[in-house]
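Trainee: I'd like to learn how to read a protein model. Could you take me through one, feature by feature?

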Amino acid sequence: MSARLLKKVLKEQEAALRQEQQREEELYNGDESESPDSTAPFKNPFDLLDDENDNDAVVDADSDQEKDNSADDSSIGNIDGKHTSMLKATINKVSVSGIKTTKKKKKKKKIKEDLSASAENDERSSGLMLEDLSLGASSYGNEQIASHPAKVKSAKVYNDKIMAKHCKTSILQIDPKFLRPENELRRIFGSKVVNSFERSHHSGSSSSTYVGRRGSHNHRRTILVSPSEHWPRWDGSLSMELLETKDEVHYFRYVQSSSYGQAQRAFEAAKAIHDLNGIASILLHHPYHVDSLITLAEYFKFLGEHERSADATAKCLYALECAWHPMFSPLLGNFQLKYVHETNKPLFSALFTHMKNMDRRGCHRSALEVCKLLLSLDLDDPMGAMFCVDYYSLRAEEYSWLERFSEEYKGGNSLWLFPNLSFSLAVCRFYLERDEGLKDRKMDTGKAASSDLIKQALMLHPSVLKKLVVKVPLKDPAWTTILKHSFFGPEQTGSPSLDHLINIYVERSYILWRLPDLQKYLRDSALLVIETLKDKGNEARDWACVRKEAFSSVKNEYSHLLVSDFSDSMPTMPPDNLQDFMVDPRGGLQNREELPNLPDLSNRNVLSVLLESVLPWINYGREDGDDIQHNHPDQADEH
């Protein structure tokens, strides 16, 4: 075969191969030539990003391909026809695939560049927005600082206030997993023991269990208490409103519905004449009337029925939590619920009682969390949570937290002057030194030694010692010698407020001093104080001046706090005497017409009526269809 004929055959094969490759490329790019109405092939939207670059790449590739073809044609006579055609096809395939790879790489590179540029623009714009919204001095440029120094200073002051507020709220941050006493009991005794106790405790007769299950319903999920199965459904008679927002703090107040207000007026009338039966009648129609539940809890407490008393308190807290505003969250700490509003007071009373119930069950960590909640509700501390927070933190062994609290809460400058914190901080440091071995490294930590703290507490509040010796009691013969000293002799300080706080501290925390190591610690410190007074007589007068300046009021500023409220003792009274004391001989309710269809329970046993009122299937004269979910267990599942 001549060279000219071979060249012609190779060109024909090359043209056919090109057509086939172009057809494959059109199929790859999504060509729409199969549609008769289509006049232009479909083009990928991403191809529009770089049409010009792609066209240039194609032109350059075609020109390179033509150069390669011409070079191949000029030397075609020197090779065999079969090998030449195979080589040419391979070259063409490599060239076309190179064009496709180049186009894909450029498209990806272009997309990445566009995305990175968009990200930089977003970051730059978000940075500008943050600068515009920033309240600190760092948001101002150099020119703005020079031209507006007053704005910079005011912004810095405002930012400092915000930081101080966050620091204040952080020390009272509530951990929801410690609010539930069940969780703490499981940590102490184990889940198996607690679950076994709950099963044996809640098991009853087969018939009552069956009826209770059929009459049960799902309760709201709450963080303060775990609702019991036999509790009725929440009736929504209470709500909460947002009063105002000041300095990023929301102020709330409870609001009563019209039906709840009607029940409240009936409660006030029954309370005025000590009519316990009337209060029981209110609970029949309004099972979540909080004031009646608080009265019921007190009644059971006097009877010695502590479990039923705790159940009534928990039901009260459940109702109050169900009424919370969506913006009210104890976990955030940016709220206030002022005690001056009458509708807010039941929450404080119920939380205080619940806190003592947790302590009585041995759940000191849960009691501490409730105490922190009480402190955060109202900074004025109307319930005196400040004077028992140290006790619960020591019982829960939260020593580091107590030290942080004394330093951060409300500035922490004068908290150590209170008798409870003065002694409790010394005990706290005593245990930290014992557990962490800090006694020999007190200079490294910057903390005062426990011996110095207890000496300071005794010098500031010497009358505490004699009351502790009597209350604990401390029977070591050395205490007789110590109390004979004139410095520890007086029982009164001359300040009604301080004397009242000392009585509260002794009543609340005396049990801590029954531990032998703390008794030795207190005795040695008291002897050290006596030795110090022999050498430095003026030191007693100096501490007396500090005490007089800190508690200078001639009136008892804490008279609203009862010492008995901080006591562990549970006063009881026989049921007959309690019945005569609580129920007026006339019986019945004043203004009974305010609550229609109230059954007459004046001749019924009070305890049986109260117990029956919590059962969901009991019907005391309700009309058909009224509150069905509490009347008939067979119909409870329909709701």
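Trainee: Is phenylalanine 566 buried or exposed?

Mentor: Phenylalanine 566 is buried, with a relative accessible area of 2%. Buried means under 20% relative accessible area, exposed over 50%, partly exposed in between (1.4 Å probe, protein chains only). Before we go on: this is a predicted model, where local features need pLDDT of at least 70 and side-chain atom pairs count only at pLDDT 80 or more, while totals for chains, interfaces and linings use all residues. Residues are numbered from 1 along each chain as its sequence is written, and side-chain values use heavy atoms, with hydrogens and water left out.

Trainee: What share of the protein do buried residues make up?

Mentor: They make up 41% of the 639 residues.

Trainee: How do I read an aromatic pair?

Mentor: A pair of aromatic rings is described by the distance of the centres and the angle of the planes. Rings of Phe, Tyr and Trp (its six-membered ring) pair if their centres lie within 6.5 Å; planes under 30 degrees apart count as stacked, over 60 as edge-to-face and the rest as tilted. Searching the whole structure turns up 20 aromatic pairs. In one of them, phenylalanine 352 meets phenylalanine 566 edge-to-face, at 5.7 Å centre to centre with 80 degrees between the planes.

Trainee: Where in the chain do those two sit?

Mentor: Phenylalanine 352 is in helix α13 (residues 345-360), and phenylalanine 566 is in the loop between α24 (538-550) and α25 (575-582), so the pair links distant parts of the chain, 214 residues apart. Helices (H or I, at least four residues) and strands (E, at least two) are DSSP runs, numbered from the N terminus. Phenylalanine 352 counts as buried too, at 5% relative accessibility.

Trainee: Which residues form an aromatic cluster?

Mentor: Trp231, Trp234, Tyr288 and Tyr318 form one.

Trainee: And what about the sheet?

Mentor: Two strands pair if DSSP finds at least two bridges between them. Here 3 strands form an open sheet in the order β1-β2-β3, with mixed pairing. The edge strands, β1 (238-246) and β3 (335-336), each pair on one side only. Between β1 and β2 (residues 249-256) there are 8 bridges, and these strands run antiparallel. β2 and β3 run parallel, joined by 2 bridges. For opposite partners, look at glutamate 241, which faces arginine 253 in β2, and at histidine 250, which stands opposite phenylalanine 335 in β3.

Trainee: How do I read a helix?

Mentor: An α-helix has 3.6 residues a turn, so residues three or four places apart point the same way. Try helix α23 (residues 516-535): its 20 residues reach 29 Å from first C-alpha to last, close to the 28 Å expected at 1.5 Å a residue. The expected span is 1.5 Å times one less than the number of residues. Among the buried residues of α23 are Leu518, Leu522, Ser525 and Val529. The buried residues of α23 pack against α17 (419-436), α19 (450-460), α20 (463-471), α21 (477-483) and α24, where contact means heavy atoms within 4.5 Å.

Trainee: How many disulfides does the search find?

Mentor: A disulfide is a covalent bond between the sulfur atoms of two cysteines. The cut-off is a pair of cysteine sulfur atoms within 2.5 Å, and the search of the whole structure finds 0.

Trainee: Why is there no bond for cysteine 388?

Mentor: Because its closest cysteine sulfur, in cysteine 371, is 4.1 Å away, too far for a bond. Cysteine 388 is also buried, with a relative accessible area of 1%.
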